[in-house]
Amino acid sequence: MRTRYIRKAMFFVGLVIAICAIAMPASATTLSYSQSTGFSVAAGTLASDDASTPFNDIKWYQYSSIPLPPTGYYNTIFWGVNNNNGGLKTSDPWGNAQYSALRLLGQAGTVSTGDWTTDGWGDWATITTLYHQNKSISSTFYTLASAIIYSELTIGTAMDANAIPITFNETLNAGTCAGPSGMGTCPDEFTFLALGFAPVTFWMDGYKYEAAFQLAEFDNSQVICDDDGNCSVWTAENETSSMSVQMAIRMVPEPATLALLGIGLLGVGIVSRRRRKG
């Protein structure tokens with residue numbers, strides 16, 4: 001009788017473990033991704049420090065890259081020439097000593113999840129890099145004050161859209177300048193809310209995933225965030241600075257799967273105890 005019970009229990013445990021294995025693959029999964037990102041140039045979303053004419057001297061340009069920004073958005077904005085001539089331009093400002101410029105380049109590639117049985121995350125993958133060509137701008141010129149970065153992140157068959165407002169402070173190398181140590185004289189400053197980089201969850205092929213994000217790969221730049229999620233990125237004057245947005249993904253086991261696995265482990269415990277008693 002005891003042997004029959006043990007056989008039934010072992011069969012049940014094996015069945016539960018098999019169901020769990022079907023519901024959630026134990027090994028890492030590789031997913032393709034593509035980040036399409038750019039600056040909004042719609043009225044009221046891109047502004048200079050001249051409140052009377054929001055586009056005064058703020059220009060934009062579409063640098064050839066793959067993937068390109070979503071339709072209606074541009075990967076490069078620039079300023080620094082006081083000619084009241086904002087708008088779309090056909091010449092690339094990069095390397096031109098007259099202009100300060102920002103460039104956003106999204107990337108495409110593959111990213112692997114971790115092993116779900118250990119609640120593991122995959123490796124970090126760079127999905128976007130922001131570049132800043134920081135030039136000394138005359139105090140008589142209008143400079144960038146605020147912008148909105150819009151991104152469409154596609155992971156496999158899932159897509160998440162996100163807009164992050166940023167403000168910008170061009171220090172003009174005049175007066176007393178704030179900034180962290182090690183960034184030189186009067187670094188420029190971006191500000192944004194960390195909420196824009198909150199994790200996202202998505203479903204694909206019947207499985208649930210979670211993607212987390214971080215800022216990394218700082219070159220001539222530095223980020224500081226306070227306890228309320230207000231973040232400042234400082235970029236060195238007269239340098240080309242950069243920083244990247246990175247993503248890591250994990251597969252999230254559903255409660256039903258975890259419950260089945262728990263029942264299976266409970267069954268193993270029952271069998272073990274009965275064997276000891278026998």
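Biologist: What makes the approach of the T37 side chain to the backbone oxygen of Y150 a polar contact?
Modeller: The side chain of T37 reaches the backbone oxygen of Y150 at 3.2 Å, and a polar contact is a pair of N or O atoms within 3.5 Å, where within protein one must be able to donate a hydrogen and the other to accept it, and residues adjacent in sequence count only if both atoms are side-chain atoms, so this pair qualifies. The side chain of T37 also makes a polar contact with the side chain of S151, at 2.7 Å. This is a predicted model, in which local features need pLDDT of at least 70, side-chain atom pairs count only at pLDDT 80 or more, and totals for chains, interfaces and linings use all residues. Residues are numbered from 1 along each chain as its sequence is written, and side-chain values use heavy atoms, with hydrogens and water left out.

Biologist: Why is T37 called buried or exposed?
Modeller: T37 has a relative accessible area of 2%, and buried means under 20%, exposed over 50% and partly exposed in between (1.4 Å probe, protein chains only), so T37 is buried.

Biologist: How do you know that C225 and C231 form a disulfide?
Modeller: Their sulfur atoms are 2.0 Å apart, and a disulfide is a pair of cysteine sulfur atoms within 2.5 Å, so the pair counts as one. A search of the whole structure finds one disulfide.

Biologist: What makes this disulfide right-handed or left-handed?
Modeller: The torsion about the S-S bond of C225 and C231 is about 110 degrees, so the disulfide is right-handed.
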